[in-house]
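Hi there,

Here is the structure I promised to pass on to you. Please have a look at it first, and then read my notes underneath.

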Amino acid sequence: LAKLPNVTLLQGDVLSEESLRAAVKGCACVVGTWGVTRWSRVSDLWTDPHLLPDHPASVVLRGTQNLVRACEAEGVRRIVKVSSFSSACAAWSVWALIPALLFSLAPMWERGAEQALRRSTKVGYTVVR
């Protein structure tokens, strides 16, 4: 990507809206390529997922919400979100269940992230699965 004209690779922390605002400042379009970074844990059954910074609820859902707010604040016109294939599957499909069990319900958080993009009235979006 870095070799393409008019493309700049930037890095930000999806858990920090301030970090994202600094990264997207002056951009017309942002391509988001982050995702789940850990396996499910037994403790996920009783722990609030929003309190764990490495949980898919934080990384995928809250990260997307932070990116949308940062892009809205900085005047970015479009977000291209690379999502997981399983977020497009029916909830009880084997293609959704396996990743859900392995990655702390990641497809559910991906669907929520895509909904956060759709709710934005200031930023256009494209979802790539």
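**A nonpolar patch before the first helix**

On the surface, L1, L4, V7 and L9 come together as a nonpolar patch, and their accessible area adds up to about 400 Å². Patches here are built from residues with over 30% relative accessible area and no salt bridge, joining nonpolar side chains (Val, Leu, Ile, Met, Phe, Trp, Tyr) within 5 Å and like charges within 9 Å. Areas come from the Shrake-Rupley method with a 1.4 Å probe, and for residues only the protein chains shown count as cover.

Before going on, a word on the conventions. This is a predicted model, so local features need pLDDT of at least 70 and side-chain atom pairs count only at pLDDT 80 or more, while totals for chains, interfaces and linings use all residues. Residues are numbered from 1 along each chain as its sequence is written, and side-chain values use heavy atoms, with hydrogens and water left out.

Back to the patch: L1 sits in the segment before α1 (17-24). Its relative accessibility is 69%, so L1 counts as exposed; the classes are buried for under 20% relative accessible area, exposed for over 50%, and partly exposed in between (1.4 Å probe, protein chains only). N6 also belongs to the segment before α1. Its phi is near 65 degrees, a positive value in a residue other than glycine, and with a relative accessible area of 85% N6 is exposed.

**Overall layout**

The protein has four helices and three strands, which follow one another along the sequence as α-β-α-β-α-α-β. These elements are DSSP runs numbered from the N terminus: H or I with at least four residues for helices, E with at least two for strands. Of the 129 residues, 38% are buried. The protein exposes about 7,800 Å², with carbon and sulfur atoms supplying 60% of that area. Taking contacts between residues at least 6 apart in sequence, 69% join residues at least 24 apart, where contact means heavy atoms within 4.5 Å.

**The sheet**

Three strands make an open sheet in the order β1-β2-β3, with parallel pairing. At its edges are β1 (29-32) and β3 (124-128), each of which pairs on one side only. Neighbouring strands are turned by 15 degrees against each other on average, direction ignored. Axes are lines fitted to C-alpha atoms (for helices, over the stretch in contact), and angles run from 0 to 180 degrees between N-to-C directions.

Helix α2 (residues 56-74) packs on this sheet and touches β1 and β2, its direction making about 165 degrees with that of β2.

Two strands count as paired if DSSP finds at least two bridges between them. β1 and β2 pair in the parallel sense over four bridges, and G32 has K81 in β2 as its bridge partner. For β2 (residues 78-82) and β3, the parallel pairing runs over five bridges. Along that second pairing, R78 stands opposite G124 in β3, and V80 stands opposite T126.

**Salt bridges**

How many salt bridges are there? The count is three, taking a salt bridge as a side-chain nitrogen of Lys or Arg within 4 Å of a carboxyl oxygen of Asp or Glu.

One of them joins E17 and R69, at 2.9 Å from N to O. E17 belongs to helix α1 and R69 to helix α2, so this pair ties together parts that are 52 residues apart in sequence. E17 is partly exposed because its relative accessibility is 22%, and R69, at 36%, counts as partly exposed.

E74 and R21 form another, with the closest N and O atoms 3.0 Å apart. Here E74 lies in helix α2 and R21 in helix α1, so the pair ties together parts that are 53 residues apart in sequence. The relative accessibility of E74 is 21%, which means it counts as partly exposed; R21 is partly exposed, at 34%.

In the pair R118 and E114, the side chains meet at 3.4 Å, N to O. R118 and E114 are four residues apart in helix α4 (residues 106-119), so about one helical turn separates them. Is E114 buried or exposed? E114 is buried, with a relative accessible area of 2%, whereas its partner R118 is partly exposed, at 43%.

Best wishes, and happy browsing!
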